[in-house]
Amino acid sequence: MAAVTGKTDYGDVIISLENCILSNDQLEETPSIKDGLEKEVEIDLRIIGCEYIQIAGILLKLPQVAMATAQVLFQRFYYSKSFVKHDGEIYAMASIFLAAKIEEYPRRIRDVINVFHHIKQKRNGSSLLPPSPKAPTVRVALDQL
């Protein structure tokens, strides 16, 4: 399959080989900063998202290459979208789900949701209960994926 060098327009996203590397302007003026989020907070949210992905990948028994791919997808997503408008936990779930498929180690979406629910419960120190299908996080995750 030959690489396509022409630009293809998909709504607000332009896919081409020229935009695969981010410019300094894109690195400094992220959508989150434009929406009023402080740079330090954005960095912390990026770190937390990558930690979630790493822990989830270990619990899902994924190879490191799949976890690294998920972290790249997560980081790249938030250079074009804002943390203010898009929930980091949901997109961390989506990133690991998609990366597992890309790297040919697919996992069921239910397994990914259960692992993230488990991580969230452990971090909050609450009792370990299975997620309810009617729980807001599970419902939002299923609706957005």
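The protein has seven helices and two strands. The model is a predicted one. Read from the N terminus, its elements follow the order β-β-α-α-α-α-α-α-α. The chain counts 145 residues, and 29% of them are buried.

Start with the helix packing. Two packed helices are described by the angle between their axes and the distance between the axes. Take α3 and α5 to begin with. Their axes lie 9 Å apart, and the helices pack at an angle of about 45°. That angle makes α3 oblique to α5. The crossing of the two is right-handed.

Now turn to α4 and α5. Here the axes are 8 Å apart and the packing angle is about 135°. These two helices are therefore oblique to each other. Oblique is the word because an angle of about 135° falls outside the ranges under 35 degrees, over 145, and 65 to 115. The crossing of α4 past α5 is right-handed.

Helix α5 also meets α6. Their axes come within 10 Å and cross at roughly 135°. Again the helices are therefore oblique. This crossing, too, is right-handed.

One residue gives a foothold in α4. A66 has its place in that helix. Is A66 buried or exposed? Its relative accessibility is 0%, so A66 counts as buried. Q54 makes a useful partner for orientation. A66 and Q54 are twelve residues apart in sequence, and their C-alpha atoms are 9.6 Å apart in space.

Next come the aromatic side chains. A search of the whole structure turns up seven aromatic pairs. One of them joins F74 and F83: the ring centres are 6.2 Å apart and the planes stand at 65°, so the pair is edge-to-face. The label follows because planes over 60 degrees apart count as edge-to-face. How accessible are the two partners? F74 is buried, with a relative accessible area of 1%. F83 counts as buried as well, at 10% relative accessibility. Both residues belong to one aromatic cluster, which is formed by F74, F77, Y78, F83 and Y91.

Charged groups come next. How many salt bridges does the structure hold? There are five. Three of these can be followed residue by residue.

In one salt bridge, the side chains of D35 and K85 meet at 3.9 Å, N to O. D35 sits in the loop between α2 (31–34) and α3 (39–59), and K85 in the loop between α4 (64–77) and α5 (88–102), so the pair ties together parts that are 50 residues apart in sequence. The two partners have their own accessibility values. D35 is partly exposed, with a relative accessible area of 35%. K85 counts as exposed, at 61% relative accessibility.

Another salt bridge brings together the side chains of E42 and R46, at 3.0 Å, N to O. Both residues lie in helix α3, four residues apart, which is about one turn of the helix. Are E42 and R46 buried or exposed? E42 is buried, and so is R46. R46 has a further contact. Its charged end sits over the ring of Y79, 4.0 Å from the ring centre. R46 thus takes part in a salt bridge with E42 and also places its charge over Y79.

The salt bridge of E51 and R123 has its side chains meeting at 3.3 Å, N to O. This pair links distant parts of the chain: E51 is in helix α3, R123 is in helix α6 (residues 109–124), and 72 residues separate them. At 37% relative accessibility, E51 counts as partly exposed. R123 counts as partly exposed too, at 40%. Over which ring does the charged end of R123 sit? It sits over the ring of Y52, 4.8 Å from the centre.

Now put the pieces together on the structure. Trace α5 past its neighbours: it packs with α3, with α4 and with α6 by the approach of their axes. Then find the side chains. R123 of α6 reaches E51 of α3 through a salt bridge. D35 and K85 join their two loops. The aromatic cluster includes F74 and F83, the edge-to-face pair.

How values were computed. Residues are numbered from 1 along each chain as its sequence is written. This is a predicted model: local features need pLDDT of at least 70, side-chain atom pairs count only at pLDDT 80 or more; totals for chains, interfaces and linings use all residues. Side-chain values use heavy atoms; hydrogens and water are left out. Rings of Phe, Tyr and Trp (its six-membered ring) pair if their centres lie within 6.5 Å; planes under 30 degrees apart count as stacked, over 60 as edge-to-face and the rest as tilted. Buried means under 20% relative accessible area, exposed over 50%, partly exposed in between (1.4 Å probe, protein chains only). A charge sits over a ring if NZ of Lys or CZ of Arg is within 6 Å of the ring centre and within 35 degrees of the ring normal. A salt bridge is a side-chain nitrogen of Lys or Arg within 4 Å of a carboxyl oxygen of Asp or Glu. Axes are lines fitted to C-alpha atoms, for helices over the stretch in contact, and angles run from 0 to 180 degrees between N-to-C directions. A crossing is left-handed if the near helix is turned anticlockwise from the far one by less than a right angle, and right-handed if clockwise.
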